[in-house]
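Let's take a look at the inside of this protein: the empty space first, then the packing around it. Have the structure open while you read.

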Amino acid sequence: MGPLGRANASEHRFLTALKVVDALDWVPFVNQAMAKSLEKRLGWAQGGGGDVFSIRVTELRLVAEGAMTPYSVAGELEAELQRNDELIWATSLDFELPAGRESVQGLSQLPPELRQGFWKRLAEQVAALLVQRLVADGARGQG
């Protein structure tokens, strides 16, 4: 296997490790970040008022030219808000967060607690985008 083949195999190993382990860890962070963001921005207390906010992450990926290059995070999710079992708001959100300085390889080699910090920050950014969408839709009279 030549250098390109070894680089691709290495990149695949890092991406596979991140996808299998961390993406599943991300879901609780999204839930926590949404609860905080909804309370902070809109004054909605968790579990209060009969409102149920649900999020379904349909895609989450790191986008990079290679294992050693900076990556951006892109994804898609669907969210809906129900009040007393009635759907009052729904949206689909495609997002791409800009690349930082870290490489995919660097992320994969961080200790678990530091990688959790990455996923937590990502969840907070996505929650902020989602709350912005909810507020904008509400201002347009869609919910």
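The lining of the largest cavity is a mix, with 3 nonpolar, 1 polar and 3 charged residues. Keep in mind that this is a predicted model. The residues lining that cavity are Phe29, Gln32, Ala33, Lys36, Lys120, Ala123 and Glu124. Helices H1 and H3 each put in at least two of the lining residues, and H1 has the largest share, with 4 residues. As for its volume, the largest cavity comes to about 50 Å³. How many cavities reach 30 Å³ or more? The count is 1.

Now for the packed part. As a general point, nonpolar side chains in soluble globular proteins tend to be buried together. Here, the largest nonpolar core holds 27 residues. Within this core, Trp26, Phe118 and Leu122 touch the most other members. Several elements each supply at least two residues of the core, and here is where they run:

| Element | Residue range |
|---|---|
| Helix H1 | 3-42 |
| Strand S2 | 72-83 |
| Strand S3 | 86-97 |
| Helix H2 | 104-108 |
| Helix H3 | 112-139 |

Helix H3 gives the most to the core, with 9 residues.

Leu122 is a good one to click on next. Which residues does Leu122 touch, leaving out those up to four places away in sequence? They are Trp26, Leu60, Val73 and Leu97. Trp26 turns up again here as a contact of Leu122, and Trp26 is also among the core residues that touch the most other members.

Terms used: Residues numbered from 1 in each chain as written. Predicted model: local features only at pLDDT ≥ 70, side-chain atom pairs only at ≥ 80, totals over all residues. Heavy atoms only, no water. Core = buried A, V, L, I, M, F, W, Y, C linked by side-chain atoms within 4.5 Å. Buried < 20%, exposed > 50% of the residue type's maximum accessible area, 1.4 Å probe, protein only. Contact = heavy atoms within 4.5 Å. 1 Å grid on protein atoms, 1.4 Å probe; cavity = no way out; pocket = protein on both sides within 12 Å on 5 of 7 lines; lining within 4 Å. Points joined across faces, edges and corners; volume = space filled by probe spheres on them. Nonpolar A, V, L, I, M, F, W, Y, C, P; charged D, E, K, R; others polar.
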